[in-house]
Amino acid sequence: MSSITACVRFRPLSSGERRDHGDSVCIHCVDSQIFVLKDEKEEEFTFSFDKVFYENSEQAQVYEFLALPIVKDAVDAINGTIITYGQTGAGKTYSMEGPSIMVCDEQKRGLVPRIVDGLFDCIKSSEGTVKHSIKLSMVEIYMEKVRDLFDLSKDNIQIKESKAQGIVLNGVTEISVSDPAEALQTLSSGIANRTVGETQMNMSSSRSHCIYLFTVQQELKKDNRLKTGKLILVDLAGSEKAEKTGAEGKVLEEAKTINKSLSALGNVINALTCGSPGKAYHIPYRDSKLTRLLQDALGGNSRTALLCCCSPSPSNASESLSTLRFGMRAKHIKMSLHAKSSEDKYAKKDGSPSSSKNQACERILDQLRERFDVEDVVLLEELFRLSGILYDPGSPEDLDSAFEDVTSQTIIQLQHMVEELVSTVEELKNENMTLKDRLAAGERSDTQRKEAGGHISSLLHRVSGTLGSFLPWF
Ligand SMILES: Nc1ncnc2c1ncn2[C@@H]1O[C@H](COP(=O)(O)OP(=O)(O)OP(=O)(O)O)[C@@H](O)[C@H]1O
Ligand SMILES: [Mg+2]
């Protein structure tokens, strides 16, 4: 049972923070995993994370601890997700990209360029036996819409769920890349399309959540089998208080949407860590595009790492405290909770709310069967809602995607049935061939026996003839 790897990174004090508070910081380092934070009321909170990167930490250390194991897994077809989370101006984009992904000091290179190099290095080392290919996609979630950063005309990409592939971005642009330079060039064109703005807290503030998607496909040369690993990097927009950022107008609207989706993320994490056996609970993945997109990364089929970025300044202690509390909760998500994702959100135990829900579902199904009216929309909606496929019947978008989910699930089930049929037919064919071979072998040995018999009797005949000519009484 694996959990999310949760780390903390404190950036160096900014010039503004130094101006207002000198060199004072609100954290006291205990060791590389434990530290104490003092809030505005001088209250002390001790935190323990998988790793703490203090102000003087290097980008390479973050990469090696947090990202390298996930990169190696992705090349082995295990999905991975890395998320940077924290207050605006806390160093999320800096950790992810560095000052620039194209040209910068080797020391300052962020996770993205290091991950690109790491992926190609891992591929090179297994060149003999496996053929790899890497495809890139890049999207941002801006004002609750998923925009394709490689093709701005695709400005409202739908998020779908498929049994075979998990969460997918419908129709997103995928670009194949063959070396690190090409990959970085491609990603840099996506970054240039990102929505950024200036606030009092950050000159270049991310106004959207940015998602880098690496699809690593491997073809095993000996048997032509295909395996795919997805690596998702998420540079979140920062939480912010309007009075601190000085947001108004459009920037304020952006901030409200950002805060709303971050609180949806917090709710998902709470639901995942609060659920206890026998208790009915629901994971609100569909409450925001961000949580829906991260459904596999949170409690699903992915190796996930979270980097909580914080300012060490006493002026931001309360924001840092809330970031750290979020990180602590996330740390407790067990990835085995996968089974409790969207489809299975009610605990299954006799007498629990799930059994009455199941009975209600059965009743609706019976009514639909009796009437032969599978297009009774009201009943279908009720059924979808009860079985957790649909959360908000009032939302046409949710309704659309619920119908599509059901259709794609039916298609996938049909595909599985066809695959099973094909393999049964194959098995029968093979069995038939074996039987034919055995039959032919049986016939052959029968003829051979007859032929051998004939041969022996003719030999005996000849022998007796020969002997007879020498021994007349024979
Ligand atoms: N570890 C670090 N070392 C040096 N400078 C840093 C570090 N982390 C962040 N900074 C600097 O702090 C400023 C804000 O960082 P960044 O843009 O990464 O914040 P952010 O968390 O992405 O904010 P937002 O949510 O507004 O996008 C930048 O000027 C960046 O260069
Ligand atoms: Mg940013």
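The expected span of a helix is 1.5 Å times one less than its number of residues. All views below show a predicted model.

**View 1. Helix α9, residues 317-331.** This helix comprises 15 residues, and its first and last C-alpha atoms are 21 Å apart. That reach is close to the expected span, which is also 21 Å at 1.5 Å a residue. The buried residues of α9 include the hydrophobic side chains of Leu-321, Leu-324 and Phe-326, together with Ala-317 and Ala-330. Glu-319, Ser-320, Thr-323, Gly-327 and Lys-331 are buried in α9 as well. An α-helix has 3.6 residues a turn, so residues three or four places apart point the same way.

**View 2. Helix α4, residues 111-125.** Helix α4 has 15 residues and reaches 21 Å from its first C-alpha to its last, close to the expected 21 Å. The helix is mostly covered, with eleven of its 15 residues buried. Among them are Leu-111, Val-112, Pro-113, Arg-114, Ile-115 and Val-116, which follow one another in the chain. Gly-118, Leu-119, Phe-120, Cys-122 and Ile-123 are the other buried residues of α4.

**View 3. The surroundings of ligand 1.** Ligand 1 is surrounded by 16 residues, of which Thr-88, Lys-92, Tyr-94, Ser-205 and Ser-206 are the closest. By class, this shell holds four nonpolar, nine polar and three charged residues. The largest share of the shell, three residues, is supplied by helix α3.

**View 4. Polar approaches to oxygen atoms of ligand 1.** A polar side-chain atom of Thr-88 lies 2.5 Å from an oxygen atom of the ligand. The side chain of Thr-93 places an N or O atom 2.8 Å from an oxygen atom of ligand 1. In Ser-206, a backbone N or O atom lies 2.8 Å from a ligand oxygen atom. Taken alone, ligand 1 exposes 630 Å², of which the protein buries 76%. Helix α3 (92-97) and strand β13 (205-206) are the elements that give two or more residues to the shell around ligand 1.

**View 5. The magnesium ion, ligand 2, and its protein donors.** Thr-93 contributes OG1 and Ser-206 contributes OG, the two atoms lying 2.0 to 2.1 Å from the ion. Because Thr-93 belongs to helix α3 and Ser-206 to strand β13, the pair ties together parts that are 113 residues apart in sequence. Thr-93 has a relative accessible area of 22% and is therefore partly exposed. Ser-206, with a relative accessible area of 8%, is buried. Each of these two residues also approaches an oxygen atom of ligand 1, Thr-93 through a side-chain atom and Ser-206 through a backbone atom.

**View 6. Glu-161 and its side-chain partners.** Glu-161 is located in strand β9, residues 159-162. With a relative accessible area of 17%, Glu-161 is classed as buried, the limit being under 20%. A polar contact of 3.4 Å links the Glu-161 side chain with that of Arg-292. A further polar contact, of 3.4 Å, joins the side chains of Glu-161 and Gln-295.

**View 7. Positive phi values in two loops, at Ala-77 and at Met-143.** Ala-77 has a phi near 70°, a positive value in a residue other than glycine. Ala-77 sits in the loop between helix α2 (59-75) and strand β6 (80-86). Met-143 has a phi near 50°, which is likewise positive in a non-glycine residue. The loop that holds Met-143 runs between strands β7 (130-142) and β8 (145-148). The relative accessibility of Met-143 is 37%, so Met-143 counts as partly exposed.

**View 8. Thr-5 and Leu-306, remote in sequence.** Thr-5 belongs to strand β1, residues 5-10. At 22% relative accessibility, Thr-5 counts as partly exposed. The C-alpha atoms of Thr-5 and Leu-306 are 6.1 Å apart in space, although the two residues are 301 residues apart in sequence.

**View 9. Thr-81 and Lys-230.** Thr-81 is placed in strand β6. Its relative accessible area is 2%, so Thr-81 is buried. A distance of 8.2 Å separates the C-alpha atoms of Thr-81 and Lys-230, which lie 149 residues apart along the chain.

Note on methods. Residues numbered from 1 in each chain as written. Chains lettered and ligands numbered in written order. Predicted model: local features only at pLDDT ≥ 70, side-chain atom pairs only at ≥ 80, totals over all residues. Heavy atoms only, no water. Near = heavy atom within 4 Å. Polar contact = N/O pair within 3.5 Å; in protein donor to acceptor, adjacent residues only side chain to side chain. Areas by Shrake-Rupley, 256 points an atom, 1.4 Å probe, with all protein chains shown as cover. Helix = DSSP H or I, 4+ residues; strand = E, 2+ residues; numbered from the N terminus. Nonpolar A, V, L, I, M, F, W, Y, C, P; charged D, E, K, R; others polar. Buried < 20%, exposed > 50% of the residue type's maximum accessible area, 1.4 Å probe, protein only. Donors = N, O, S within 2.8 Å, 3.2 Å for Na, K, Ca; no water.
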